[in-house]
Amino acid sequence: MAEFLTGGCYCGGVRFRLEPPLRDVIGCHCSQCRKTSGHFVAMTSVPESQFALVADETLTWFRSSETARRGFCNRCGGNLFFKPESEARISVAAGTIDGKTGVKMTQHIHLDGQGDYYDLPGD
């Protein structure tokens, strides 16, 4: 695997670099994730020390609760980051990472918020 992984939003206004290892992907079905993404989100995560913004021209942070904020591109609408205030970690939308990631989706959380229009394996 590469020394660093790169990624960004669709229009390129936000670009970032991640230093592996990345946490495996978690699918979150909470109402906030569903409303900000239009479905459930699939996010990996790294310690903040393994994350660097390369371009942030169009990055906007939205305080989605008293304990967390979400980063998105204000030009193309890309849902990019979830940042809990109490943790020195940042979650990154897995689909925004360029190329192969080396991670797998291993867990789904907040299933009480799951939409009625899809099933998950094991449902």
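**Entry 1: the loop after β2**

I started at P21, which sits in the loop between β2 and β3. I keep in mind throughout that this is a predicted model. What caught my eye here was the peptide bond between P20 and P21: it is cis, with omega about 10°. I noted that because most peptide bonds are trans.

**Entry 2: the sheet**

Next I wanted the strand order. I found an open sheet of seven strands, running β6-β7-β8-β9-β4-β3-β10, with mixed pairing. Which strands are at the edges? They are β6 (59–63) and β10 (105–109), each pairing on one side only. I also looked up the twist: neighbouring strands are turned by 30° against each other on average, ignoring direction.

**Entry 3: β3 and its partners**

I then went along β3, residues 25–28. In general, the side chains of a regular strand alternate between the two faces of the sheet. In β3, V25 and G27 point one way, I26 and C28 point the other way, and all are buried.

On one pairing, β3 runs parallel to β10, over four bridges. Here V25 stands opposite M105 of β10. On the other pairing, β3 runs antiparallel to β4 (residues 41–47), over three bridges. There I found C28 opposite V41 of β4.

**Entry 4: β7, β8 and β9**

I moved on to β8 and its two hairpins. Strand β7 (residues 68–73) pairs with β8 in the antiparallel sense through five bridges, and F72 faces N79 of β8. Five residues lie between the strands of this hairpin, and G77 takes a positive phi near 85° there.

The other hairpin takes β8 into β9 through four residues. These two strands are also antiparallel, joined by two bridges, and F82 stands opposite S91 of β9.

Is β8 largely enclosed or open? I counted five of its six residues as buried, so the rest of the structure largely encloses this strand.

**Entry 5: the nonpolar cores**

I looked up what fills the inside. The largest nonpolar core has 18 residues, and V14, F16, L18, L22, F51, F81 and I97 have the most contacts inside it. At least two of its residues come from each of β2 (14–18), β8 (79–84) and β9 (89–93). The largest share, three residues, is from β2.

I picked F51 for a closer look. Which residues does F51 touch, beyond those up to four places away in sequence? I listed F16, R17, L18, V46, F81 and I90.

There is also a second, separate core of six residues, with C28, C33, V41 and A93 among them.

**Entry 6: the cysteines**

With C28 and C33 both in that second core, I checked for disulfides. How many disulfides are there in the whole structure? The search finds zero. For C28, the nearest cysteine sulfur is that of C33, 3.7 Å away, and C28 is in no disulfide. For C30, the closest cysteine sulfur is in C28, also listed at 3.7 Å, which is too far for a bond; the cut-off I used is 2.5 Å.

Are these cysteines buried or exposed? C28 has a relative accessible area of 9%, so I count it as buried. C30 comes out at 17% relative accessibility and therefore counts as buried too, given that buried means under 20%.

**Entry 7: H29 and H110**

Between C28 and C30 my attention went to H29, which is in the loop between β3 and α1 (31–37). Its relative accessibility is 0%, so H29 counts as buried. The H29 side chain has a polar contact of 2.6 Å with the side chain of Y118. Leaving out neighbours within four places in sequence, I found H29 in contact with a list of residues including R34, F40, H108, I109, H110, Q114 and L120.

H110 was on that list, so I looked it up last, citing its place in the segment after β10. Its phi is near 55°, a positive value in a residue other than glycine. I flagged this because most residues other than glycine have a negative phi. Is H110 buried or partly exposed? At a relative accessible area of 44%, H110 is partly exposed, whereas its contact partner H29 is buried at 0%.

How values were computed. Residues numbered from 1 in each chain as written. Predicted model: local features only at pLDDT ≥ 70, side-chain atom pairs only at ≥ 80, totals over all residues. Heavy atoms only, no water. Core = buried A, V, L, I, M, F, W, Y, C linked by side-chain atoms within 4.5 Å. Buried < 20%, exposed > 50% of the residue type's maximum accessible area, 1.4 Å probe, protein only. Contact = heavy atoms within 4.5 Å. Pairing = 2+ DSSP bridges. Axes fitted to C-alpha atoms, helices over the stretch in contact; angles between N-to-C directions. Polar contact = N/O pair within 3.5 Å; in protein donor to acceptor, adjacent residues only side chain to side chain.
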